[in-house]
Amino acid sequence: MVRSEAAAGWRALEPVGHPGRRDRTSPRQSRPSDTLGDGGPGNRGYGERFARLLRDGHDIEGEARLADVLAPRAATVLDAGSGMGRVGATLQRRGHRVIAVDLDAELVEQSRRTYPELPVLQARLDDLAPEVLHEAGFPTAYDLIVCVGNVMILLAESTERAVLARLRALLAPGGRVLVGFHTQAGPAGSRAYDPDEFVTDADAAGLEVESRFASYELAPYVPGTDYVVTVLRRRGDRPQTPPPTVDDA
């Protein structure tokens, strides 16, 4: 089962030079693929891997395609844990207003070089209050929040509920959160995160599961899968239903 090349190649994608648990709590238009490899000494392997996949014709946009389907047209999107900017920049090209947030200074720098039109805020996800975004000149409510690329298993220990609560507070009415991660530890500093434990944490943060899959191509979720994609919404909220398409025939 292919989760997209971005997800399938995850073990090779972890940036080097971050020993121990990597704090991504605070924590993706386009330029030629060669610029993806220019990630600085700490993250060069991460960018080079994606640049190679792109040059070889592999699919690295699975997360963004699903996010685009979940969002209304011209949506306001938050890319939480945006890394080098790959997902956010793809969503920009599809007509959405995207704000990217990541803590890693090297990845933020690379994102700004590679995708200069993608606004990036360097900040902690567990500190990402509406006033922080407002002070930076960014929106404080989002139609869709994207948190993919194993951000959840790279958070500082015991901050998962705090991060999910922060994301919930940034949802616009009817807004949703798209989360994807490997269920087993792999990259340096990551941890195993059982999907049911994640659902419990989301519930504690005031979120509920709208749907759950095993891939960004919507493969059915079954217990024991090594990758989980979850769509969350604010508890008791319901997605805004778009008006039906007008048939000119």
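Helices here are DSSP runs of at least four residues, numbered from the N terminus. The model shown is predicted.

**View 1. Asp203 in helix H8.**
Asp203 is found in helix H8. Its relative accessibility is 41%, so Asp203 counts as partly exposed. Arg161 stands 42 residues away from Asp203 in sequence. In space, the two C-alpha atoms are 8.9 Å apart.

**View 2. The packing of helices H7 and H8.**
Two packed helices are described by the angle between their axes and the distance between the axes. H7 covers residues 160–169, and H8 covers residues 195–204. The two pack at an angle of about 50°. Their axes lie 8 Å apart. That angle makes H7 oblique to H8. The crossing is right-handed. On the H7 side, the contact uses Glu160, Arg161 and Leu164. On the H8 side, it uses Phe198, Thr200, Asp201, Ala202 and Ala204. Sorted by class, the residues of this contact are four nonpolar, one polar and three charged.

**View 3. An aromatic cluster of Phe181, Tyr193 and Phe198.**
A pair of aromatic rings is described by the distance of the centres and the angle of the planes. The count for this model comes to four aromatic pairs. In one of them, the ring centres of Phe181 and Tyr193 are 5.2 Å apart, and the planes meet at 25°, so the pair is stacked. This pair links distant parts of the chain. Phe181 belongs to strand S5, residues 171–182. Tyr193 sits in the loop between S5 and H8, twelve residues from Phe181. Tyr193 also pairs with Phe198. Here the arrangement is edge-to-face, with 5.8 Å centre to centre and 90° between the planes. Ring pairs thus link Phe181, Tyr193 and Phe198 into a cluster. How buried are its members? Phe181 is buried, at a relative accessible area of 0%. Tyr193 is buried, with a value of 0%. Phe198 is buried, again with a value of 0%. Phe198 also takes part in the contact of H7 with H8 shown in View 2.

**View 4. The packing of helices H3 and H4.**
H3 spans residues 62–70. H3 and H4 pack at an angle of about 45°, with 9 Å between their axes. The two helices are therefore oblique to each other. H3 passes H4 in a right-handed crossing. H3 contributes Glu63, Ala64, Ala67 and Asp68 to the contact. H4 contributes Arg86, Val87, Thr90 and Leu91. By class, the contact has four nonpolar, one polar and three charged residues.

**View 5. The burial of helix H4.**
H4 runs over residues 86–93 and is mostly covered. How many of its eight residues are buried? The count is seven. They are Arg86, Val87, Gly88, Ala89, Thr90, Leu91 and Gln92. Among them, Arg86, Val87, Thr90 and Leu91 also meet H3 in View 4. Gly95 follows H4. The phi of Gly95 is positive, near 95°.

**View 6. Asp237 and its contacts.**
Asp237 lies in the segment after strand S7 (227–234). Is Asp237 buried or exposed? At 17% relative accessibility, Asp237 counts as buried. Which residues does Asp237 contact, leaving aside its neighbours within four places in sequence? They are Ala172, Pro173, Gly174, Gly175 and Glu208.

Methods:
Residues numbered from 1 in each chain as written. Predicted model: local features only at pLDDT ≥ 70, side-chain atom pairs only at ≥ 80, totals over all residues. Heavy atoms only, no water. Axes fitted to C-alpha atoms, helices over the stretch in contact; angles between N-to-C directions. Parallel < 35°, antiparallel > 145°, perpendicular 65-115°, else oblique. Left-handed = near helix turned anticlockwise from the far one by under 90°. Contact = heavy atoms within 4.5 Å. Nonpolar A, V, L, I, M, F, W, Y, C, P; charged D, E, K, R; others polar. Buried < 20%, exposed > 50% of the residue type's maximum accessible area, 1.4 Å probe, protein only. Phe/Tyr/Trp six-rings, centres within 6.5 Å; stacked < 30°, edge-to-face > 60°.
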